[in-house]
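Subject: Handing over a structure

Hi,

I am passing a structure on to you, and I hope you enjoy looking around in it. Please open it first, and then read my notes alongside.

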Amino acid sequence: MSSMMMFEERHNVIGSKLSLMRLNSKWLMPNTIYPNWHKSLELIFVESGRLSLRIEREEYLLEKGEIAVINMGKVHYGNPPAGEQCILWVFLIELDEQMIWNHELEGKYLWPLIRKEIEIIPVLRQETEGCRRVKKCLEQMYTMLETKEEEPVFKRRIRTDNPICELKAISLLYELMYQIFDTEGLLITVSEGGKNTSVQRKNDICTILQYIEEHYTQKIYVEQLADVLYMGVDNFYKFFCAEMGTSPIQFVNNYRLKKAARLLRQTSFSMSIISETVGFQSTSYFTKLFKQAYGQTPSQYRKKYSK
């Protein structure tokens, strides 16, 4: 299995072509949402506040009422601007070969999107025709799905009491695709050279992310990460910062803190065990970083969010 496949973070775990998370940033680490990629097409509607979103090397600031589109396979992450909060609707849409096998027109339009020969533009700004038409589809999806509370980070919405709802969801997906293809300016052609460069960068980043995922419980040095890609330390540091928007060590620490937060919510392990489990050598250092990131001590976080 390739490194990209092994690192894929699959949000849509409900076995449906469509799923939705209503995400409130107050539940998240204030300064980072962990970068990930997946095969799903992802649309993010900003219900309130603002969202600073990074997709590969590009950064975007979305205002209330605007929509971001993360095309399949794009490494991305986002957070509200410093000191702000936002509420988002995050739609995950599964587009695969099964949707296009049985119809020539579906293959004509959806196949190039799945093969990444065309892409949807990353931001739909307010008051544009594309934003209005896509938002209308998203609102229909939103009202069709019901709330299912999970752990504090997300509120996932999926209807479970009516199997025919899946048929309705698929019809709404086709309506969404129609609106996207029918609105001028929402699609762009991906050049072969640009696509190849992007794929290589993504391969390199996913190789590093996989390495971090497998070794975060141990000491990790920048030199080790550079060696994974056969790069010099300086070149690797510049490459990583350009792709991820943060330094390698800051990224590793944030990843460890994310793992620690989950353990705090789901276990009764002591602080020293959690600290050691996620790769921090010192409990006091872990506590210091956690408070900086989450605005509260690990004990306070556990008391507030544990199940």
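Below is what was found, starting with the whole chain and moving on to particular places.

One thing to keep in mind from the start is that this is a predicted model.

**The chain as a whole**

The chain holds 11 helices and 12 strands. Of its 307 residues, 50% are buried. If you take the contacts between residues at least 6 apart in sequence, 72% of them join residues at least 24 apart.

**Helix α8 and its neighbours**

A good place to begin is helix α8, which covers residues 248–266. Two packed helices are described by the angle between their axes and the distance between the axes. Here are both values for two partners of α8.

With helix α11 (residues 298–305), the axes come within 8 Å and cross at roughly 50 degrees. An angle from 35 up to 65 degrees counts as oblique, and α8 and α11 are therefore oblique to each other. The crossing of α8 past α11 is right-handed. On the α8 side the contact is made by Ala261, Leu263, Leu264 and Arg265, while α11 brings in Pro298, Tyr301, Arg302 and Tyr305. Sorted by type, the residues of this contact between α8 and α11 are 6 nonpolar and 2 charged, with no polar ones.

The other partner is helix α10 (residues 283–294), whose axis comes within 10 Å of that of α8 and crosses it at roughly 90 degrees. That makes α8 roughly perpendicular to α10. From α8, the residues in this contact are Asn253, Leu257, Lys258, Ala260, Ala261 and Leu264. From α10, they are Tyr285, Phe286, Leu289, Phe290, Ala293 and Tyr294. The contact of α8 with α10 divides into 10 nonpolar residues, 1 polar and 1 charged.

If you want to follow particular residues, try Ala261 and Leu264: they are among the α8 residues that touch α11, and they are also among those that touch α10.

**Aromatic rings**

How many aromatic pairs does a search of the whole structure find? The search gives 13. A pair of aromatic rings is described by the distance of the centres and the angle of the planes.

One pair is Trp89 with Phe91: the ring centres are 6.2 Å apart and the planes stand at 65 degrees, so this pair is edge-to-face. Trp89 is buried, at 10% relative accessible area, and Phe91 is buried too, at 0%.

Another pair is Phe236 with Phe240, which is tilted, with 5.8 Å from centre to centre and 45 degrees between the planes. Both residues sit in helix α7 (residues 233–244), and the 4 residues that separate them amount to about one turn of the helix. Are these two buried or exposed? Phe236 has a relative accessibility of 0% and counts as buried, and Phe240, at 1%, counts as buried as well.

There is also a cluster linked by ring pairs, made up of Phe280, Tyr285, Phe286, Phe290, Tyr294 and Tyr301. Some of these names will be familiar: Tyr285, Phe286, Phe290 and Tyr294 belong to the α10 side of the contact with α8, and Tyr301 is part of the α11 side of its contact with α8.

**A few single residues**

Helix α7 also contains Lys238. This residue counts as exposed, with 59% relative accessibility. Lys238 and Pro248 are 10 residues apart along the chain, and their C-alpha atoms are separated by 9.8 Å.

Asn24 lies in strand β1 (residues 18–24). At 17% relative accessibility, Asn24 counts as buried. Leaving out residues up to four places away in sequence, Asn24 touches Gln85, Cys86 and Ile87.

Finally, two places to check for backbone angles. Most residues other than glycine have a negative phi, and most peptide bonds are trans. Lys116 has a positive phi, near 65 degrees. You will find Lys116 in the loop between α2 (104–114) and β8 (118–120), where it is partly exposed at 31% relative accessible area. Glu127 has a positive phi as well, of about 70 degrees. Glu127 is in the loop between β9 (123–124) and α3 (129–144), and it is exposed, with a relative accessible area of 65%.

Happy exploring, and best wishes!

How values were computed
Residues are numbered from 1 along each chain as its sequence is written. This is a predicted model: local features need pLDDT of at least 70, side-chain atom pairs count only at pLDDT 80 or more; totals for chains, interfaces and linings use all residues. Side-chain values use heavy atoms; hydrogens and water are left out. Axes are lines fitted to C-alpha atoms, for helices over the stretch in contact, and angles run from 0 to 180 degrees between N-to-C directions. Helices (H or I, at least four residues) and strands (E, at least two) are DSSP runs, numbered from the N terminus. Angles under 35 degrees count as roughly parallel, over 145 as roughly antiparallel, 65 to 115 as roughly perpendicular and the rest as oblique. A crossing is left-handed if the near helix is turned anticlockwise from the far one by less than a right angle, and right-handed if clockwise. Contact means heavy atoms within 4.5 Å. Ala, Val, Leu, Ile, Met, Phe, Trp, Tyr, Cys and Pro count as nonpolar, Asp, Glu, Lys and Arg as charged, and the others, Gly among them, as polar. Rings of Phe, Tyr and Trp (its six-membered ring) pair if their centres lie within 6.5 Å; planes under 30 degrees apart count as stacked, over 60 as edge-to-face and the rest as tilted. Buried means under 20% relative accessible area, exposed over 50%, partly exposed in between (1.4 Å probe, protein chains only).
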